[in-house]
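Here is a short tour for anyone about to set up calculations on this structure. Keep the 3D view open while you read, and follow along from the ligand outwards.

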Amino acid sequence: MSKFHPLSPTDAYHEATKHSWASVRRNAHGLDWSTQPSVYKNYPADLPRVSLLEADPLKRFLYRVAGITAKKSYPGVEYYLRTNPSAGALYPNEVYFQARGVEGFADGIYHLEVASSSAVLLRPIDESEGLEATLEDPRRRRGLLLFVSGIYWRSSWKYRDRAFRYVLLDAGHLLGSTEAGALLWERAYTIRYRIDRQGLNRFFGFGREEGMLSAFDMSTPEEAEVRLPEGSLEQVDPTGSFEPNERIEAVYLASGHLRGCRKEYRVPRLPLTREAWAEAILRRRSIRQFSRRSISKEEFTQIVRWAQASVPSDCDEAVELYAVVNRVEGMEPGLVKEGEYLKRGDLSGKAGYLCLEQALGSESAVTFFLVSSGENYAPLYQKAGLIGHRLYLAAEVQGIGASGIGAYYDDEVREFLGTEGKILYAFAIGR
Ligand SMILES: Cc1cc2nc3c(=O)[nH]c(=O)nc-3n(C[C@H](O)[C@H](O)[C@H](O)COP(=O)(O)O)c2cc1C
């Protein structure tokens, strides 16, 4: 970068948390299992709970956001996997929502309790108060307003300073699972990044370990304005252990200052049948190993088309999709961007190397790299996570395996793609 353009604090964070061949070897560290943070936040047992394990459409929708869909057992450990993926299965996010005028739920503010597949009523609201007061437009809204927070220590315990990237990607995946549920339920939505984070954090009683990142709005406004409910909620420890990270707290603060946001209004339509999506949402898993069989050009095109469909939000940033085509019938191998070949030939070995030598990157049918030159770091990174989620589901719906890849040699990927943009995420699909 030229010295005449000092880096913004968020770009400086991105630069400082790049992986390189040398940094990965220099900074190798063991995990301290004695401080392993909990992946569940649980509010007190005496608060009212609504089970989401019922067939009504709203409960099914809420279950699809982050519901438990698999259990893995290893000697001495058991853990549960969810509709949403997460780097290292550390799940560094929580989901809260406000329901107003919604059947089956008293008007109020709820926490989505993943461990028990239920919604916990944290505080009832009346018609004069609500979380709308933390949106740009404080008019009362009927329907659902979901909020996604980040709890960085769950991820920085393992990934150290780079963890804020995963907190944002994983938040984006949650926005993606929410989107899939909303589309399946045929509800319009928009994602809001221009929220009063500090006001929300104060109201929810969060300590420094948790902070709001975005809202998923499925509500319609009325005339009257509301004010934030008085007081704040009881603070609940979301991790059981905590080690502060100054760099991450600084980039969280900096990432709240959004500039020059462009609105995207277009809500996309789900391709393929709704039944197939409903199944894919519950079946989705990360593939651990590919058998190196190819996919068809039609399957590839369908996946890319869905990944690149509009993402409605109040701060849209362009996220580019580069595809290293390794095994697609009817397509020459090479590096493709928007249908144009940038490089031709077998680049599978290179793609695997770039993903920190993970075989997923070389044995895939296609390895993607998501890139952005945008300035609004929190929105663009969450959008990359949401696109990752679309890649998972568009692959799954066609019986194709997929996995997010958060670890790659940043500068070498940039050089390989020939871009000055930030490398946000890698992703592999295949059989
Ligand atoms: C942001 C992100 C980064 C990931 N990075 C990797 C990776 O580098 N290598 C890998 O094998 N899996 C990676 N995964 C897959 C996770 O390990 C997986 O999502 C998690 O174990 C939960 O399993 P599930 O996706 O089957 O529910 C990543 C997932 C996400 C969401």
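## Around the ligand

Helix H5 makes the biggest contribution to the shell around the ligand, giving four residues. Please keep in mind that what you see is a predicted model. H5 spans 163-184, and together with strand S16 (401-405) it belongs to the elements that each supply at least two residues of this shell.

Which residues come nearest to the ligand? Of the 19 residues around the ligand, these are Pro85, Ala87, Ser286, Gly404 and Gly406. By class, the shell holds nine nonpolar, eight polar and two charged residues. Where does the ligand shell lie with respect to the domains? Domain 1 (31-254) and domain 2 (286-430) both give residues to the shell, so it lies between them.

## How the two domains meet

The domain assignment of the chain gives domain 1 as 31-254 and domain 2 as 286-430. Their C-alpha centres are 27 Å apart. Across the boundary, 23 residues of domain 1 are in contact with 22 residues of domain 2.

On the domain 1 side, H5, strand S8 (190-192) and strand S9 (211-225) each supply at least two of the residues that touch domain 2. H5 gives the most here, with 13 residues. This side of domain 1 is made up of 12 nonpolar, six polar and five charged residues. H5 is therefore worth a second look in your viewer, since H5 gives the most to the ligand shell and also gives the most to the side of domain 1 that touches domain 2.

## The seven-stranded sheet

Now for the sheets. One is an open sheet of seven strands with antiparallel pairing, in the order S1-S6-S5-S4-S7-S9-S8. Its edge strands are S1 (49-51) and S8, each of which pairs on one side only. Ignoring direction, neighbouring strands of this sheet are turned against each other by 30° on average.

Within this sheet, strand S4 (residues 93-100) and strand S7 (residues 139-150) run antiparallel and are joined by eight bridges. Arg100 stands opposite Gly143 in S7. Helix H6 (residues 197-204) packs on the sheet, where it touches S7 and S9, and its direction makes about 95° with that of S9.

## The six-stranded sheet

A second open sheet has six strands, again with antiparallel pairing, and its order is S14-S13-S11-S15-S17-S16. Strand S14 (340-344) and S16 are the edge strands, each pairing on one side only. The twist from one strand to the next averages 20°.

At one edge, four bridges join strand S13 (residues 334-337) to S14, and the two run antiparallel. Leu335 has Lys343 in S14 as its bridge partner. Helix H12 (residues 377-396) packs on the sheet, touching strand S15 (366-372), S16 and strand S17 (422-430); the direction of H12 makes about 5° with that of S17.

## Strand S16 in detail

Is S16 buried or exposed? Five of the five residues of S16 are buried, so this strand is largely enclosed by the rest of the structure. Gly401, Ser403 and Ile405 point one way from S16, while Ala402 and Gly404 point the other way. In a regular strand the side chains alternate between the two faces of the sheet.

S16 runs antiparallel to S17, with five bridges between them. Gly404 stands opposite Phe427 in S17, and Gly404 is also one of the residues that come nearest to the ligand.

## Two loop residues

Ala407 sits in the loop between S16 and helix H13 (410-417). Why does Ala407 count as partly exposed? Ala407 has 18 C-beta neighbours inside 10 Å, whereas a residue is buried if 20 or more other C-beta atoms lie within that distance and exposed if 12 or fewer do. Leaving out residues up to four places away in sequence, Ala407 touches His19, Cys355 and Leu356. Ala407 and Cys355 are 52 residues apart in sequence, yet their C-alpha atoms are 5.9 Å apart in space.

Phe242 lies in the loop between S9 and helix H7 (246-254). With 19 other C-beta atoms within 10 Å, Phe242 is partly exposed. Phe242 touches Trp153 and Glu209, again not counting residues up to four places away in sequence. Thr10 is 232 residues away from Phe242 along the chain, and 23 Å separates their C-alpha atoms.

Conventions: Residues numbered from 1 in each chain as written. Predicted model: local features only at pLDDT ≥ 70, side-chain atom pairs only at ≥ 80, totals over all residues. Near = placed C-beta within 6 Å. Nonpolar A, V, L, I, M, F, W, Y, C, P; charged D, E, K, R; others polar. Domains from an automatic or database assignment. Pairing = 2+ DSSP bridges. Axes fitted to C-alpha atoms, helices over the stretch in contact; angles between N-to-C directions. Contact = placed C-beta atoms within 7 Å.
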